[in-house]
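This report goes through selected features of one protein model. Please keep the sequence and coordinates at hand while reading.

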Amino acid sequence: MKILVVGAGQVGVQVCKYLVREKDCEISILDKESDRVESISEKFNINGVVGEGNNKDDLMKANIQSTNLIVVATPSDDRNVMIAYFARKLNPQINTIARVRNRNYHDFIDRSRDGFVDVIINPEGAVADTAQRLIQSRQLIYYQDLFDGKSQIVGLKLTGSSNVLNTPLRQLSASFVELKTTVIAFRRNEILRLANSDDTLIDGDEVYLVTAKEDLERALEIFGIEQSHNLKLLVIGGGRVGGDFARILESRQIRPKINIIERKEERTRRLAEVLEKATVFHGDGMNREIIMEAGIQTSQTVVAFTENDHTNLLALFQAKQINPRVITVGLLNDNSLNQLASSMGIDIILNPQTTTISRVLVNVKPISFRQVYIVGQDEGELCEIEIRKSYHSLGKKIKDLKLPMLIAGILRDNQSIKFTPDTTIHEGDVLALFMLSKDVRKVTEFFGADGF
């Protein structure tokens, strides 16, 4: 597959980083900044083209006529829309993916509505949705719907009060007799490890598990995770992400108490008009007096959703100094800041790029792949794969398969099912498969050759 990535910023770099892992992908990067193009092309050993994505000659120079997929990820929505339009005009057969945060564009460009973009990515909207799920508990660090919401992938941090500590995972299965729940991985000493039945969980581990929707509450209870009620939140930054986050929370049946600090006066007024319950403060979220007035001392969670990564980090660090018990959630676009955030005591890091990457990856994998999710910090992937008639695993038991990954869940007849090593694979089953990043190409080759 020939892929053209337009935009050599942070998003473009991350997209290229993941794409080079895939089998049979010929990747090119197009950007007007020659230094960026040269750096990325050398780093990933891909083709670099200097030029403008909305310039016909530059697109032709990047071989748009023979390109199978274009991923447009410049900082400008307007430019992304125009580039996708030009690409489709120059190559009617091309598949187009564009990052478009302005919802006013969506109906116009969506190909399902006779537009010209096959996949529209709005990563900030996904971040707002994920954040509202994570604040349900002090210990949740990851949350993602699976099987169209019929199951979930959750990450959680174990504490000394958890009743699953120092118990081998094979013994924990006794707690899951009636539950459709699987522990897939855990992070210890900064390393994400694939879970196996001999592993024992300890205090401080970050654990990832897949559970059916109807079993989620009970599974979290077993792991000692308490649901939060009557939350009091402080939101720093009322822009696209912060505003969406507040609106989602206000639509919930149980509404938390929300205070928002926004620096821009016009945006402050607009938020105050559209939000029914939230209290909006006009000021700088870095100003100690403002955050004190907004109630940081009694807040249970503070989220920083400004457009500047460093502002988010410093605002959360200050909040933690004032109220050490507060849970801090920060938006970071730059992955290189993750380690710094961890050293500053930031509890949860949300990166909108993971949504973009997930949507891109599923379009370059074999056709049996339905969804791809990034787990951890560039450490693992969880894929939904539909079992087809050509796979020679049909009729075989899970224990008899030699898999380079872990089966995390099974959707059968549109229902999540309980499975064991003796479960037989059926045609039409959708498997949730978890793998470490180092095994991604191996897994793609496995399925691309119909080896499963």
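The sections below cover a strand pair, an arginine and the cysteines of this predicted model.

## A parallel strand pair

Strand β13 spans residues 257-262 and strand β14 spans residues 279-282; the two run parallel and are joined by four bridges. Within this pairing, Ile260 of β13 stands opposite Val280 in β14. Between the two strands the chain passes through helix α10, residues 265-274, and the resulting β-α-β crossover is right-handed.

## Surroundings of Arg187

Arg187 lies in strand β9, which covers residues 181-188. The relative accessible area of Arg187 is 9%, so this residue counts as buried, the limit being under 20%.

Two polar contacts involve the side chain of Arg187. One, of 2.2 Å, is with the side chain of Glu379; the other, of 3.5 Å, is with the side chain of Tyr208. Leaving aside residues up to four places away in sequence, Arg187 touches Leu192, Asp205, Glu206, Tyr208, Gly376, Gln377 and Glu379.

## Cysteines

How many disulfides does a search of the whole structure find? The search finds zero. Cys16 is accordingly in no disulfide, and the nearest cysteine sulfur, that of Cys25, is 11 Å away. Seen from the other side, the closest cysteine sulfur to that of Cys25 is in Cys16, and 11 Å is too far for a bond, because a disulfide requires sulfur atoms within 2.5 Å.

Cys16 is also buried, with a relative accessible area of 0%.

Methods:
Residues are numbered from 1 along each chain as its sequence is written. This is a predicted model: local features need pLDDT of at least 70, side-chain atom pairs count only at pLDDT 80 or more; totals for chains, interfaces and linings use all residues. Side-chain values use heavy atoms; hydrogens and water are left out. Two strands pair if DSSP finds at least two bridges between them. A crossover is right-handed if, with the strands pointing away from the viewer, the path from the first strand over the helix to the second runs clockwise. Buried means under 20% relative accessible area, exposed over 50%, partly exposed in between (1.4 Å probe, protein chains only). A polar contact is a pair of N or O atoms within 3.5 Å; within protein, one must be able to donate a hydrogen and the other to accept it, and residues adjacent in sequence count only if both atoms are side-chain atoms. Contact means heavy atoms within 4.5 Å.
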